[in-house]
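Thanks for making the time this morning. I would like to walk you through one structure, and I will give the cut-offs as each term comes up.

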Amino acid sequence: FSTPVVLAYGLLLALGGPATAQPVKDPAAPTAAAPRAVADGTLGWAGFGDEGIIHHTLIGAAWRGYVTRRISLGPEVQFMSGPGSDRDLILTGNVMVDLLAPTASRPRRTTPFVVLGGGLFRHTQRFQTGTSTSTEGAFTFGAGVRTWVNERVYVAADARLGWEPHLRVAALVGVALQ
């Protein structure tokens, strides 16, 4: 990776910490005074439009810290593998908004959410004449639904649109961190 990409990712990690200005309800543990951070892994499909759909396998990871009962912030990294040597890396800082607030006594078992992210997109592909790499700004936005399996583990699904123009559909497994 180039120095700007590494620096941008480091900046996203540094800025992704949870806010502590006010105590809020933890979505994973209703008796806690403040929410835990959560980490999730992603597996899915992405399709890029270019005279037809170019199919990619998507894997990723994200970390989020809650800044209010419904809003969380954090970095996400997504790696996409397309046909041949087509590879894409997306680093974003995301804002996720839970559309249903936790109840006073416990979190909602199933919660729809919306997500918006911005950051960097890096595309790499090898040709007979050499390797082509380009880096540009990126954004994603979309919606999904999260269901808590127990107080620490959730499963989710989401769909997003993004730039470089693509559609992403993914399944997520997340863990509330202590």
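Let me begin with a definition, since several later points rest on it: a contact means heavy atoms within 4.5 Å. What you see is a predicted model, in which local features need pLDDT of at least 70 and side-chain atom pairs count only at pLDDT 80 or more, while totals for chains, interfaces and linings use all residues. Residues are numbered from 1 along each chain as its sequence is written, and side-chain values use heavy atoms, with hydrogens and water left out.

First, the overall layout. The protein chain has 1 helix and 8 strands, where helices (H or I, at least four residues) and strands (E, at least two) are DSSP runs numbered from the N terminus, and their order from that end is α-β-β-β-β-β-β-β-β. Of its 178 residues, 40% count as buried, meaning under 20% relative accessible area, with exposed set at over 50% and partly exposed in between, for a 1.4 Å probe and protein chains only. Among the contacts with a separation of 6 or more, 52% are between residues 24 or more positions apart.

Turning to the interior, the largest nonpolar core has 9 residues, including Trp-148, Phe-113 and Leu-172; such a core is a set of buried Ala, Val, Leu, Ile, Met, Phe, Trp, Tyr and Cys residues joined through side-chain atoms within 4.5 Å. Strand 5 (110-127), strand 7 (153-163) and strand 8 (166-176) are the elements that give two or more residues to this core. Apart from it lies another core, of 8 residues, among them Phe-48 and Phe-121.

Where are the open and enclosed spaces? On a 1 Å grid over the protein atoms alone, a cavity is a set of points where a 1.4 Å probe fits but cannot get out, a pocket is an open set with protein on both sides within 12 Å along at least five of seven lines, and lining residues have an atom within 4 Å of a point. Grid points are joined across faces, edges and corners, and a volume is the space filled by probe spheres set on the points.

By that reckoning the largest pocket holds about 210 Å³ of space, and of the 14 residues that line it, the closest to its centre are Phe-48, Asp-50, Ile-54, His-123 and Glu-164. Strand 5 gives the largest share of that lining, 3 residues.

There are also 3 cavities of 30 Å³ or more, and the second largest has a volume of about 50 Å³. Its lining includes Asp-40, Met-96, Arg-160 and Leu-172, and strand 2 (53-66) and strand 4 (87-98) each supply at least two residues of it.

I will close with two glycines. Gly-144 sits in strand 6; is it buried or exposed? Gly-144 counts as buried because its relative accessibility is 16%. Setting aside residues up to four places away in sequence, Gly-144 touches Thr-111, Pro-112, Phe-113, Ala-157 and Asp-158, and its C-alpha lies 8.6 Å from that of Arg-160, 16 residues apart in sequence.

Gly-60, for its part, belongs to strand 2, and beyond its neighbours within four places it is in contact with Asp-40, Gly-41, Thr-42, Val-77 and Gln-78. Between Gly-60 and Leu-89, 29 residues apart in sequence, the C-alpha to C-alpha distance is 9.5 Å.
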